[in-house]
Each structure stands twice: as C-alpha cells, then as structure tokens.
Amino acid sequence: MSGASRLRGFGASVFVEMTELANRTGAVNLGQGFPDSDGPPELLAAARDAIAAGHNQYPPVSGVPVLRAAVAEDRAARYGTEYDPARDIVVTTGATAGIAAAVLAHCEPGDGVLVFEPGYDSYAANIAMAGGVARPVRLDPGPSGFSFDPADLRAATGRGTRLLIFNSPHNPTGKVFTDAELALIAEHCVAHDLIVITDEVHEHLVFDGRKSRSLAEWPGMPERTLVVSGAGKTFSVTGWKVGWVCGPADLVDPVRTAHQYLTFNSGTAFQVAVAHGLRELGPWVDGLRADLQDRRDLLAAGLAGVGLDVLPSEGTYFLQTDIRSWGHTDDLAFCRDLAPRGVVAVPTSVFYLGEPLRTLARFTFCKRVEVLTAAIEALRADTARRR
Ligand SMILES: *Cc1c(COP(=O)(O)O)cnc(C)c1O
C-alpha cells in the first residue's frame, strides 16, 4: 500500500536514517534543527497562566484576537506593513500548516509554482497535494554564499505560472536575500502577476548586524503577498506549533477556508502566551540572536579546523559545508561516513526537487555550546587518529 500517487516519493527517509545513525553510533546529532534549550521562562509561565485562566477550548478559526493584534503591531513596527487583525491575519498550527493552507487555497491543479532549491521540504509536498507543478530555480553556492541567476527565474516562469513560494532567511542554505535580490524578485512577481507565499519563520535569526526584510515591503507586493511566520524559531518553542499567515483579505479569506477544514485551529493557551511574547520579550529574542551568532562562529571554526570548507551562514539555524574539501562527491556517503566519526549532518541533496547538487552537507548550530564543543572535539580526535 503506497498511498495516493500524488504523495509518492515524499517521506522522511533520510532524516529517519540520520537520526537512527546518531542513536546507533552515539554521534552528536547536528542534523535536526530544533533547539535543545527552552524558550524564555516568562513565556513558559505565560502559557501555564493561560491554561490556569481557562484558555482551554477551541480558539476562533482565525486565532485568538490578542495574538492577531500582537502580530499586526509587530509587523507594523518592524516592517511598516499594515494588517487588519480582524480580516488580514489567520493563526495556524505552526507555519507548516499556514503554508499548506496557503498553497491549497491558491494553487489550481496544473498551476506552475516557482520555488528556490534547495528548499524547505514541505513546499514540494504541498504543491503535490494541490496538484500543482513545481518550477525550481537554483540557488548555487559560491565563495560569498548562495545566489541565483535572474535568467533562471525568468526561464522557470512559463505560461500557467501562478505562485512563488519564497523563503528568507533561507533554510537549508543560511542565506539572507539582499535588498537588491528582493527588489528583483518583487519586480518579477509584479510583472508576471504572481501570488507570493513568503516563509519568514527565521525572520529574527539574522546575523552580523543584518536587518530582516519582508518581500511584502516592496512596491506592488502587499496586494499579492501572504507572509507566513511563527513562534517556534523566534522563541525556541518549536513544539508549540503556533504560526500565522498575514495578507490582504481577498488572499487570506481562501486560506482561512482551507485552514478551517484542515485543523480549524489549535493551541489556545499557547496563542495567548505567544501574544505576550511578541509584545514583551523582544530583548530575549535579541539575546537569542547574539547567542546563535556566537554558536555559528564556534561551529564554523571547529569544522574549518578539521579541514571542512564552511560556506557563509547569514541567518537561520544552519550552515553548509562543501564536502569536496574532504574529498567527497556524494553527500549521503559523506554523512554515513561522518556519523562513526562522531557527528551527524544532513545531506543537502534531500532539499532539491530536480537533479540535486551532491557536494553539500547541512549542520545546525542551534544546540547548546557543550553539545557543539563535544561535536568538534569528536571530529578533532578522529582527525588526529587518522593522521
Ligand atoms: C522550521 C521551519 C518551518 C516550520 O515552522 P513551524 O512553525 O514549526 O510549522 C517552516 N519553514 C521553514 C523554512 C522552517 O525552517
């Protein structure tokens, strides 16, 4: 029983294999991108208080009003983009469900959907669920990070192309798109009258003084853009699954309908707590950003110290390494070889839709300093043994 044909070929096989490999070898797991320390104590207390105060029944289909108001205030303050909490915002079961609802709401069977690759794995599955056709645009690694060729974007945009699913800060590359790139993409979307779903879950996790920008800030974009973000990455509470979709009411209405029949909504008490977080815990998030930057630097230096070529990471939980620096040309073989040496990474080829690049591996640095140090020590000791 292989299930419906539209989902054939999807599945978490490599992630499962890498987790099993970590368990079997005792290697430090730097594959999966979730933090191993808790979010701010005040946020956790706010959730407990919300439960005690009786926020335990269904939330409204669009989410609790106090969270929608907090999201609107937050986006107006940081991006200058205006959303009406009553009409333009839907709270979802994590960003994942928000993206799925947005794709199901706006993609007709046969529609072309532009998507950068490598990219977050749920996009391709969502496009398949909606019966759309993914049109990948490559992000290629270079000495100053990942970039795309505008000609590829134009070439991928054929007749029947209706949507772009965009993501910055970008998982799995760690790229933060520049203002010039965002302007070019925005212009392209306006010229081809595309609807844009922009995944901004890592919006706060940008390094070296960068400022996060939203594609919805560019001219001609507010009326065609659905912004998706959430609390998981911002507050280190990935298990809470509180996300949101913001956009003009005519684009958000069908998203709300899809969302209503997928989950309706969830996590009332968590939503109340996240509203508190957005309003009061900005300084904690600033601390997380600074701390993650230090951990990025620690891991990057450690990997470079054992001879791996590390690509620049400008944001997110992740950095990429070029495995050719260790003489490898197959990322899956590299990861299988790395685990007995003490560390598990993820082969970046799993994030491609078409023919993948097989010379990159993704490491996360969203783990405690002790864990990152243990990973580096294991690789150092192994390298010394092999000399
Ligand atoms: C983690 C992640 C998500 C999932 O967000 P949830 O709120 O946990 O559903 C979506 N997109 C990207 C790029 C991510 O890294």
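**Exercise 1. How far does helix α3 reach from its first C-alpha to its last, and what span is expected at 1.5 Å a residue?**

Keep in mind as you work that this is a predicted model.

Step 1. Find α3 at residues 65-79, a run of 15 residues.
Step 2. Look up its reach: from first C-alpha to last, α3 covers 21 Å.
Step 3. Set this beside the expected value, which is also given as 21 Å, and you see that the two are close.

**Exercise 2. Work out which residues of α3 are buried and what they pack against.**

Step 1. Go along the helix and pick out the buried positions: Leu67, Arg68, Ala70, Val71, Ala72, Asp74, Arg75 and Tyr79.
Step 2. Now look across from them. Two kinds of element turn up: the strands β2 (89-93), β9 (225-230) and β10 (242-246), and the helix α10 (268-280).

**Exercise 3. Follow the chain out of α3 and decide whether Thr81 is buried or exposed.**

Step 1. Just past the helix comes Gly80, with a positive phi of about 70°.
Step 2. Thr81 sits in the loop that links α3 and β2.
Step 3. Its relative accessible area is 9%. Buried means under 20%, so Thr81 counts as buried.
Step 4. Who are its partners? Beyond neighbours within four places in sequence, Thr81 touches Arg75, Ala76, Ala216 and Glu217.

**Exercise 4. Describe the largest nonpolar core and name the elements that build it.**

Step 1. This core holds 36 residues, and those with the most contacts inside it are Leu30, Leu292, Leu299, Phe334 and Phe363.
Step 2. Elements that each give at least two residues include the helices α1 (13-25), α11 (282-305) and α13 (369-386), as well as the strand β12 (318-322).
Step 3. Zoom in on Leu292. Setting aside neighbours within four places in sequence, its contacts are Leu205, Phe207, Tyr317, Phe365 and Cys366.
Step 4. A general idea helps here: in soluble globular proteins, nonpolar side chains tend to be buried together.

**Exercise 5. Show how the two domains meet.**

Step 1. Domain 1 is made of 5-39 + 282-382, while domain 2 runs over 41-281.
Step 2. Their C-alpha centres are 24 Å apart.
Step 3. Across the boundary, 37 residues of domain 1 contact 46 residues of domain 2.
Step 4. About 3500 Å² is buried between the domains, with 62% of it on carbon and sulfur atoms.
Step 5. On the domain 1 side, Glu314, Thr316 and Leu353 provide 21% of the area buried against domain 2, more than any other three residues.

Technical notes:
Residues are numbered from 1 along each chain as its sequence is written. This is a predicted model: local features need pLDDT of at least 70, side-chain atom pairs count only at pLDDT 80 or more; totals for chains, interfaces and linings use all residues. Side-chain values use heavy atoms; hydrogens and water are left out. A nonpolar core is a set of buried Ala, Val, Leu, Ile, Met, Phe, Trp, Tyr and Cys residues joined through side-chain atoms within 4.5 Å. Buried means under 20% relative accessible area, exposed over 50%, partly exposed in between (1.4 Å probe, protein chains only). Helices (H or I, at least four residues) and strands (E, at least two) are DSSP runs, numbered from the N terminus. Contact means heavy atoms within 4.5 Å. The expected span of a helix is 1.5 Å times one less than its number of residues. Domain bounds come from an automatic or database domain assignment. Buried area is the accessible area (1.4 Å probe) that two parts lose on being put together, summed over both.
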